[in-house]
Amino acid sequence: MDQKGLGITRAILFCRQLDPDQDVNRRAIEKELGSQIRFFPLPCSGRVDPLYLMRALESGADKVYLITCPEGACRHREGNLRAKKRIAYTQGLIEEIGLDRERLELIITSAGDRKTIDELTRDILAREGVTSSVNPNDADIEK
Amino acid sequence: MITAERKPIKEIKEMLAPYRKILVVGCGSCVAECAAGGEKEVGLLSSALRMDAKASGKEIEIREMTLDRQCVYEFIDQLTEVIDQYDVVLSLACGAGVQAVAEVFPRVHILPALNTTFLGETKEAGLWVENCRGCGDCKLGVFAAVCPVTRCAKGLFNGPCGGSKTDRCEVDPDVPCAWQLIVSRLEDTGRLDLLRKVHPPADWSKQQGKGPRKIKREDQRT
Amino acid sequence: MMTESRLKNVLTSGKFAVTAECGPPKGADPEVVKSKGKILRDHVDSINVTDNQTGVVRLSSLAACALLKAEGLDPVLQMVTRDRNRIALQSDVLGASALGIRNILCLSGDHQSFGNQPQAKGVFDIDSIQLIQAVRKMRDAGEIIGGDKLTGAPQLFIGAVANPFADPFKYRAARLATKVDAGAEFIQTQCIYNLNRFKEWMGLVRDLGMADKVYILGGITPLKSAKMAEYMAKNVAGMDIPEEVINRMKAAPATEQRQEGIRIAVETILALKEIKGVHGVHIMAIEWEEAVPQIVEESKLSPRPQA
């Protein structure tokens, strides 16, 4: 099962508005990567608190992603702008303890390109160099 | 309110180096309002300290607590039952809170995690500005409710100095010239004549004349 | 050593006064002060000595004044409230008088953040107007702040500064009046490049009846180069250098710019002499004391009166 990747544990915080069916869509990947991935849906990315990000790192995440709606598309107007500032603040804090600021990453989805949470996650995995042979439909069949 | 900012973690770590069991104590009053020492900030700092210790192979134990007020005995007393179990208290209160806790527990090591900065106002979310020095002799009545002691970089009583241009302070163009504000507010309210009077030297003894100040009210005492 | 203020004598006898400025060195060498004094001698009535100007540590104003005094010159002691509290300031006022210094110019001083000690604590125990008032009371009533009597009063001609170019403009003339009320007898202004604005300010000063109550000396700083003009216009707080002055400097070839700067200074002085209520000029040739004799000469202000 080398497709399970590089042993990286990820926390993915994301705005629930991105994917109304996130609950269903993320199951396959969760099954596939097991303890190497945890999803945290937020009512809005602006609701992210630096404390969540710290707790995620502290509980073992090598990498924490925060995925937001496209800029200008937040239904609470500036939630995703706030998310950006909170990430920056927390990056400053972890740098103070010698961690790489890249351990926290903000991903702003693009407006023209609506993707489900599993698609977004696979993009992340692909970028990390993890190629997955399992496509979501296969996973559904397994279930 | 009293405002404060967290010290750099490097400085906090240096202070904490000799200790293993740490009681991190926040304050739910002023420093919580300015997002420096409330429950949330206690959580963030503790988390950072734990991660840092783990990365450097140091074993520490942290307990997080936040008191409603760290400058009033009734609240400080909540520490009585637990404080003995820890090597040190890292306080996220203002300087008054740190000292109040120290006074209640004379044998306990207590360290400040914040730099207490000023008396100020929450101007907007995430922006705090200084506007009172607690000089003990408030003259806002004659200065159109703009404090020259605090808001003029030179604290001039008979200002403005020669450096104000287009209503900005010469020291920091982000800051409005306090004297420009005073003059225009007095002008707008028809009281410009107040400025023809020479204000005599201030009585700084009310601020720092005999060391720390004290307010004593018999009617409030038990 | 009972001496008198030459500046006061020139002004009270109705003559047009000329003062210049001497910035003390960033070191302990007394010769620097003396040689600046030598350049200015016979061309000006009195010499201001700046007090750690722009917050940069220099040889003390009091000591430099004493050096000039010993050379037979008439120094003006600049005293800022930035660095000393009222105890030290009043003590130095007494000391200055004891050393034979007869003029004092009271200022708040440039903020310490501009200088080479930006971490210093700014004192500002009292402000410039309170200092004027204190010195006046020491001299006239023989008492210090709080009312204690002096055993001997200081003898000082008391000055203050005014910036006609800072904001709020309308209040600037009133501020001068407050300084006069507090006890200022002469005023030296910020460098004048914008003559129209200066004239407008003088109009307001006259309207307040101040032109007869105080001697006003217009500030002159000869520009060394177009670059200096641009730098000052942009970076020096409370400085007003109009575009046409900068352009005029730029139009002169580099080797001619110093002479152009002197020409502008001379023209300004000639214009100031015609303004009612202007009683003299204060020439601040920054690290360019050599320019002063020429400016004075060409402004038809030499020889200086024997006073």
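**Exercise 1. Which residues of helix α11 (residues 291-298) of chain C are buried, and why do they lie on the same side of α11(C)?**

Solution. Bear in mind that this is a predicted model. Begin with the helix itself: in α11 of chain C, which runs over residues 291-298, the buried residues are A291(C), V292(C), I295(C) and V296(C). Next, consider their directions around the helix axis: because these residues cover an arc of only 125 degrees, they are placed on the same side of α11(C). Then ask what lies over them: the elements of chain C that cover the buried residues of α11(C) include β1 (17-22) and β8 (278-283), together with the helices α2 (30-40) and α10 (257-273). Finally, follow the chain just past α11(C), where K300(C) takes a positive phi of about 60 degrees.

**Exercise 2. Establish which chains touch, and describe the side of chain C that touches chain B.**

Solution. Start with the pairs of chains: two pairs touch, and the most contacts are found between chains B and C. Chain A and chain C, by contrast, are joined by no contact, and their closest C-alpha atoms lie 25 Å apart. Turning to the pair of B and C, 26 residues of chain C are in contact with 24 residues of chain B. On the side of chain C that touches chain B, α5 (128-140) and α6 (169-182) of chain C each supply at least two residues, and the largest share, five residues, comes from α6(C). As a last step, sort the residues of this side of chain C by character, which gives eleven nonpolar, ten polar and five charged.

How values were computed
Residues are numbered from 1 along each chain as its sequence is written. Chains are lettered from A and ligands numbered from 1 in the order in which they are written. This is a predicted model: local features need pLDDT of at least 70, side-chain atom pairs count only at pLDDT 80 or more; totals for chains, interfaces and linings use all residues. A residue is buried if 20 or more other C-beta atoms lie within 10 Å of its own, exposed if 12 or fewer, and partly exposed in between; C-beta atoms are placed from the backbone. Helices (H or I, at least four residues) and strands (E, at least two) are DSSP runs, numbered from the N terminus. The arc is that of the directions from the helix axis to the C-beta atoms. Two residues are in contact if their C-beta atoms, placed from the backbone, lie within 7 Å. Ala, Val, Leu, Ile, Met, Phe, Trp, Tyr, Cys and Pro count as nonpolar, Asp, Glu, Lys and Arg as charged, and the others, Gly among them, as polar.
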